[in-house]
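This report walks through a few features of one protein structure for a reader who has not met it before. Please keep the sequence and the structure in view while reading.

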Amino acid sequence: MLSTLQTPRSLSLSRFSFLPSTSNPFTLPSSTFNFTSTTLPQASLTDHQSPTTTTTSPPQSQILSTRHSLLSRHLTATDLVHSHLARLHLSEPHLRSFLHLPDDDSLLSRARDLDARIAAGEDPGPLAGVLVAVKDNICTADMPSTGGSRILDGYRPPFDATAVKRVKELGGIVVGKTNLDEFGMGSTTEASAFQVTANPWDVSRVPGGSSGGSAAAVSARQCVVSLGSDTGGSVRQPASFCGVVGLKPTYGRVSRFGLMAYASSLDAIGCFGSSVADAGILLHAIAGHDRFDATSSKQDVPNFLSNFVPASSLESKPLKGLKVGLIRETIDEGVDAGVISAVRAAALHFEELGCSVNEVSLPSFSLGLPAYYILALSESSSNLSRYDGIRYGNQVYADELDSLYGDSRAKGLGSEVKMRILMGTYALSAGYYDAYYKRAQQVRTIIKNSFKEALSQNDILISPAAPSAAYKIGEKKNDPLAMYAGDIMTVNVNLAGLPALVLPCGFVEGGSAGLPVGLQMIGGAFDEGELLRVGHIFEQTLGNGSFVPPIVADNIAC
C-alpha cells in the first residue's frame, strides 16, 4: 500500500490558529447561527501540501473563513466568486461535475449585492459568499432540474426546494447543478443520461454515486459545500471515493420538499464539505420542520457549532469515556485489505483519543442489501410513474394514448431506471407482494432493532464507507450485481433512518497520489450533534496528510 492510516502521534495543539471570538457589528438573529461566540480554526485559501505529507494542518472551515474574510473586509464576495469561478472553469473540462452552470455575470451580481449589504452595515447571513453546488435532482427555480434524465431535459421548476430556499435566505450562492446517476439510481454517475463525472484524485476512476458530481465539486474545490441526496449511501460512498466529508442526517431532519422522489421512505438530503465543521454548518442551515413535508420532524435543531471544540481547548484524551463499536461484519470477506487496514488504524486513533473500542456483531447486517433493493425499487416503481409525458416529462408525439406513454418513457428513461422500475413492479405484483415486499419490511424492522440494541451499548458505531476505494470508470458498468454489492456498508443506515457521517481516514494505492478511504460513523436518531463533535475531534487530530486531490495541487493555487 502507498499509505494507510498511520499510528496517531501525540496531539500538537500550538500550531493551530483560530478565528477571533470578538463580537462584530453584524449580530445574527438568535434563530440562526451564533458565529460571533464561536472559535474555530481559520482556514487559508492558499495552503496546500501533498496528500502523502504527514505534517499538514487539519482541515479547516471554509465557511467560517469566508465569513471572517467578508466581515473583516479582508476580501469581498466578488473576490471570492471570481476565485472560485477561475478554479471551476479550469477543472470542469476534466471532471464534468456540473450539468448546469449559470453565467458568471449572474453569480457576480449576487456577490455584488452581498458586498453592498455588508457596506451598508447589514448582516449578509451566515452563508454569505459561500458557493453551494446542488445535486440536479433537487429543484431550483432559476436553473434546470433534470434529475440526470432525458425525460426532464430542459425542465425548470417553478419553485426552490426547501433546502435550497434556506441556503439562499442565509446568503449562500448556488453555483450550479451537479451530475448524478439518473434519478439517483446508481453508484458511479455512469447512469447519468448526459455525462460521466471523473474522480478528482484520478480522472480515470469514478467519483461514486449517485451524488458523484456534488462530491467531486467539493473535492476539487469548485465550490465550498454542496447538497446531495442519500437513499442508500449516495452521499456517503462518493464522499469516501472523493476524500471529502459526507453527512447523511436522520430521516426527517431535513425537508424533502423539492427533492425528486426515488424511494420516499429512504430518501434524505445530505451535505458535503471539505471539513466536518462545514458539513455541520450546512446541515444547520437546511434542517428543521417544513410544513410542505409531512415527514419532516418538528424536533428542535441544536446549534451544531457548539459541538466544534477548538483544538486549543482539547485535552490529551478529548474523547475519554466514549464507547465506539466497530461493526465486525464490515471488516470481513469482500472488503479490500487496504480499506480494512485504514479502518482498523482509525479505531486505534479513537483509542488514542480516549475511547473504548470494541467489535460488535450485527447478524442482520448482510440482510440489509437485498431488503433495501426490494423496498427501494418497489417505491421507485410507484414514484416514477409520474414521468409519463403527460403529468411530467418530455412528450413524444403519438396517435394513441398508450403509445404516447410508452414512447415517452422508452425514449426518456435510461436502461438502469427502466430495469429498477420493472423489478419494483414485479416485487409489488399480486402473488409476489408477501414473498418480497412484505418480507423486506419485516427485515427492515429486524435491522432497526439490531441498530437500537448496538447503540444502547455504544455511543457510535463505525465501519468502512465502502468495500473499496474508487474503481475505474467502466469497471462495473456491465455487472450490476457487483455494483449493488458496493452499497452494503451504507444501506442499513437508511433502512434504520439513522444519521451517519463519513470522513477521510487514510489512503490506499491507486492513482498518482493514492486513493482516499472513508470512515463511516453511525449515531442514534437525531444525534447528528454528537457525530459532528466526534468527527471534528477525529479530523483535527488525525494528522494523516492533506486530503486535497492532485488536480487541485497541480493546477490551482488552493
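## The surroundings of M521

The model shown here is a predicted one. A useful place to begin is M521, which, once its neighbours within four places in sequence are left aside, is in contact with F350, I460, L461, I462, P499, A500, L501, L503, L531, V534, G535 and F538.

## Nonpolar cores

M521 also stands out in a wider setting, since M521 and F350 are the residues that touch the most other members of the largest nonpolar core, a set of 73 residues. The element that gives the most to this core is helix α7, which spans residues 276-286 and supplies 8 residues. Apart from this one there is a second, separate core of 40 residues, and among its members are F183, Y373, V417 and L461. As general background, nonpolar side chains in soluble globular proteins tend to be buried together.

## The pairing of α2 and α3

Two packed helices are described by the angle between their axes and by the distance between the axes. Helix α2, covering residues 77-95, packs with helix α3, covering residues 104-119, at an angle of about 155°, and their axes lie 8 Å apart. Because an angle over 145 degrees counts as roughly antiparallel, α2 is described as roughly antiparallel to α3. The crossing of these two helices, α2 and α3, is right-handed.

On the α2 side the contact is made by A77, T78, V81, H82, L85 and H89, and these meet D104, L107, L108, A111, R112, L114 and D115 of α3. Sorted by character, the residues of the contact between α2 and α3 comprise 7 nonpolar, 3 polar and 3 charged.

## Backbone features in loops

Which residues are joined by a cis peptide bond? The bond in question links G209 and S210, with omega at about 10°, and S210 is placed in the loop between β3 (173-178) and α5 (212-219).

The loop between β3 and α5 is also the place of F183, a residue that is not a glycine and yet has a positive phi, of about 55°. With a relative accessibility of 3%, F183 counts as buried, and F183 is also one of the residues of the second core described above.

F526 likewise has a positive phi, in this case about 60°, although F526 is not a glycine. Its place is in the loop between β11 (515-522) and α15 (528-542), and, with a relative accessible area of 21%, F526 is partly exposed.

Technical notes
Residues are numbered from 1 along each chain as its sequence is written. This is a predicted model: local features need pLDDT of at least 70, side-chain atom pairs count only at pLDDT 80 or more; totals for chains, interfaces and linings use all residues. Side-chain values use heavy atoms; hydrogens and water are left out. A nonpolar core is a set of buried Ala, Val, Leu, Ile, Met, Phe, Trp, Tyr and Cys residues joined through side-chain atoms within 4.5 Å. Buried means under 20% relative accessible area, exposed over 50%, partly exposed in between (1.4 Å probe, protein chains only). Helices (H or I, at least four residues) and strands (E, at least two) are DSSP runs, numbered from the N terminus. Contact means heavy atoms within 4.5 Å. Axes are lines fitted to C-alpha atoms, for helices over the stretch in contact, and angles run from 0 to 180 degrees between N-to-C directions. Angles under 35 degrees count as roughly parallel, over 145 as roughly antiparallel, 65 to 115 as roughly perpendicular and the rest as oblique. A crossing is left-handed if the near helix is turned anticlockwise from the far one by less than a right angle, and right-handed if clockwise. Ala, Val, Leu, Ile, Met, Phe, Trp, Tyr, Cys and Pro count as nonpolar, Asp, Glu, Lys and Arg as charged, and the others, Gly among them, as polar.
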